[in-house]
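Here are a few exercises to work through with the model open beside you. Try each task before reading its solution.

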Amino acid sequence: MKNLLSMEDVSPREIYEIISRAQEIKKGNYNKFSSDKTIVNLFFETSTRTKSSFEMAEYKLGIHAIPFEVSQSAVQKGESLYDTCKTLEAIGADALVIRHPDVKYYEQLKNIKIPIINGGDGSGSHPSQSLLDMMTMYEHHGRIHDLKVVIVGDIIHSRVAKSNATALEKMGAKVYFSGPPEYQDKTLDVPYMELDDAIEVCDVVMMLRVQNERHDRRMSMTNEEYNEKYGINEARVARMKDDAILMHPAPMNRGVEITDACVEGDKSVIFEQMANGVFVRMSILEQLIQGDEDRALEKSKVMA
Ligand code: CP
């Protein structure tokens, strides 16, 4: 694996390798990189979890993160994404983590030689979130194969829904979408199930944030009405299977897609997802940066 751009490019075997290495890292079995490595985290959209947990993962591995603020950069003078990345490559960065509002922004970066890790492209994909979600499911259920997973809410604007549907189906899970008809994505071949049916049969219930910032107009329902029809609340949690888990990539709209009581309730693994995000991102960084170094070494041996 040279880059992590979309779950479409990651094989089931690579998914298992990243998850199982993340589990080892979680037990404390890791070392800082033995040689100096630098990375730049470029966030053209806001982030708390993805940015902070990549920074934490980089710190734990001894990778130096070079500060980069879009608002203070030459992007403000009109410099393109490609020229920005080419510059960071030229000054010696070993890898780039990028979040950008344009779907598949990475297609314009094919000439960048250093690894690129997609931290989210608009409503396109969010592969590191998908990997941490699968690690969390694997820890709770001991498998991904055959799990029934319902992803609920604002599907059309959700890169998490798309990455997870792609990856989970590859891993042999059965994925369903649920939520308001106007938030469904008809281009995706994923069956729809009513939430009240899904809640009783699924092993994983994954709620999504209503992404008001990506909507042309505000919801036609009140928050309470949305929760009553399409959200998770204590009454619905009570009908979940005994071993089912409740997930949310966050940030959350408390009182809309999820009530306060459910966020830290018995079924919720939401903060475990965030904790696992650091281990999965360490595993990704090891794989891409160490793997890149190993590939360069092999190439130099062949040329010698
Ligand atoms: N889950 C997630 O991507 O959160 P942030 O937007 O805070 O990074």
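Two residues are in contact if their C-beta atoms, placed from the backbone, lie within 7 Å. Keep in mind throughout that this is a predicted model.

**Exercise 1. Contacts and overall dimensions**

Task: Find what share of the contacts with a separation of 6 or more joins residues 24 or more positions apart, and check the radius of gyration against that of a compact globule.

Solution:
- Start with the contacts: in the protein chain, 75% of those with a separation of 6 or more link residues 24 or more positions apart.
- Next, take the chain length, 304 residues, for which a compact globule would have a radius of gyration near 19 Å.
- The protein chain has 20 Å, which agrees with that expectation.
- For the extents, the C-alpha trace spans about 65 × 45 × 30 Å along its principal axes.
- To complete the overview, count ten helices and eight strands, and note that 45% of the 304 residues are buried.

**Exercise 2. Two domains and their contact**

Task: Describe how domain 1 and domain 2 meet.

Solution:
- First set the bounds: domain 1 covers 7-126 + 274-303, and domain 2 covers 127-269.
- Their centres, taken over C-alpha atoms, are separated by 27 Å.
- The contact draws 26 residues from domain 1 and 23 residues from domain 2.
- On the domain 1 side, α1 (12-26), α2 (49-60), β4 (116-121) and α10 each supply at least two residues.
- By class, that side of domain 1 has ten nonpolar, twelve polar and four charged residues.

**Exercise 3. The nonpolar core**

Task: Locate the largest nonpolar core relative to the domains.

Solution:
- As background, nonpolar side chains tend to be buried together in soluble globular proteins.
- Here the largest nonpolar core has 86 residues, and Leu96, Met134, Val149, Ile151, Val204 and Val205 have the most contacts inside it.
- Helix α10 (residues 270-303) gives the largest share of this core, nine residues.
- Both domain 1 and domain 2 contribute residues, so this core lies between them.
- Now zoom in on Ile151: leaving aside neighbours within four places in sequence, its contacts include Ala161, Val175, Phe177 and Leu208.

**Exercise 4. The ligand shell**

Task: Work out why the ligand shell is placed between the domains.

Solution:
- List the residues around the ligand: Ser47, Thr48, Arg49, Thr50, Gly120, Gln129, Pro249, Ala250 and Pro251.
- Sort them by class: three nonpolar, five polar and one charged.
- Finally, compare with the domain bounds: domain 1 (7-126 + 274-303) and domain 2 (127-269) both give residues to the shell, so it lies between them.

Key: Residues are numbered from 1 along each chain as its sequence is written. This is a predicted model: local features need pLDDT of at least 70, side-chain atom pairs count only at pLDDT 80 or more; totals for chains, interfaces and linings use all residues. Helices (H or I, at least four residues) and strands (E, at least two) are DSSP runs, numbered from the N terminus. The radius of gyration is taken over C-alpha atoms; the globule rule is 2.2 Å times the number of residues to the power 0.38. A residue is buried if 20 or more other C-beta atoms lie within 10 Å of its own, exposed if 12 or fewer, and partly exposed in between; C-beta atoms are placed from the backbone. A residue is near a molecule or strand if its C-beta atom, placed from the backbone, lies within 6 Å of it. Ala, Val, Leu, Ile, Met, Phe, Trp, Tyr, Cys and Pro count as nonpolar, Asp, Glu, Lys and Arg as charged, and the others, Gly among them, as polar. Domain bounds come from an automatic or database domain assignment. A nonpolar core is a set of buried Ala, Val, Leu, Ile, Met, Phe, Trp, Tyr and Cys residues joined through C-beta atoms within 7 Å.
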